[in-house]
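Please work through the exercises below with the sequence and the model side by side, trying each task before reading its solution.

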Amino acid sequence: MASATIACQKWLMPPSALPRDHRYTWTEYRTWPDDERWEIIDGVAYNMSAAPSTRHQIIAGNLFALLYRHLAEKGCRPFIAPTDVRLSETDVVQPDILVVCDPGKITPSHIEGPPEMVVEIHYCPDIYVNKSDWLSAGDSGDLLSELLTN
């Protein structure tokens with residue numbers, strides 16, 4: 001799985017509105033309202049409901065379009081948030097952009113397992129939220145290069 005971080009604006013992950021002393025699960029997550037965006041990392045729920053800025057959406061849309069055109073003939077499919085990625089019973093995330101090359105991971109409601117590539121658009125290098133911790137990755141640079149050059 002490859003990851004990339006682009007853009008720079010001031011941004012902080014909003015605090016969770018749910019108690020942090022409870023380990024939340026995929027099963028519980030599936031019952032939450034569809035009009036709210038949440039991620040669960042190691043059982044801790046994070047409220048992601050704030051709408052991204054227009055700059056964020058322009059960057060995400062442009063990058064998604066490039067990936068879609070480039071990967072169309074390679075058997076890989078890009079997705080854009082909000083797309084649920086179930087990594088485990090206590091890890092559910094919604095990356096800004098992700099690429100899946102294994103069609104067996106794509107379900108009608110979510111992606112099951114780690115994608116081949118994740119892009120998180122971060123806003124400020126001095127306030128870096130390292131979401132790569134939630135995905136087990138090998139040498140991401142080689143895979144990114146392979147996806148984009150082959």
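**Exercise 1.** Which residues line the second largest pocket?

The model is predicted, so that local features need pLDDT of at least 70 and side-chain atom pairs count only at pLDDT 80 or more, while totals for chains, interfaces and linings use all residues. Residues are numbered from 1 along each chain as its sequence is written, and side-chain values use heavy atoms, with hydrogens and water left out.

*Solution.* The lining consists of Tyr-29, Arg-30, Trp-32, Pro-33, Asp-34, Glu-36, Arg-37, Trp-38, Pro-82, Thr-83, Asp-84 and Gln-94. A pocket is an open set of points on a 1 Å grid over the protein atoms alone, where a 1.4 Å probe fits, with protein on both sides within 12 Å along at least five of seven lines, and lining residues have an atom within 4 Å of a point.

**Exercise 2.** Which residues form a salt bridge with Arg-23 and Arg-86?

*Solution.* First, a salt bridge requires a side-chain nitrogen of Lys or Arg within 4 Å of a carboxyl oxygen of Asp or Glu. Arg-23 meets Asp-42 at 3.2 Å, N to O, and this pair links distant parts of the chain, 19 residues apart. Next, Arg-86 pairs with Glu-112, their closest N and O atoms being 2.6 Å apart; because Glu-112 lies in strand 8 and Arg-86 in strand 5 (strands being DSSP runs of E, at least two residues, numbered from the N terminus), the pair ties together parts that are 26 residues apart in sequence.

**Exercise 3.** Is Arg-86 buried or exposed?

*Solution.* Buried means under 20% relative accessible area, exposed over 50%, and partly exposed in between (1.4 Å probe, protein chains only). Arg-86, at 17%, counts as buried, whereas Glu-112, at 31%, is partly exposed.

Key: Helices (H or I, at least four residues) and strands (E, at least two) are DSSP runs, numbered from the N terminus.
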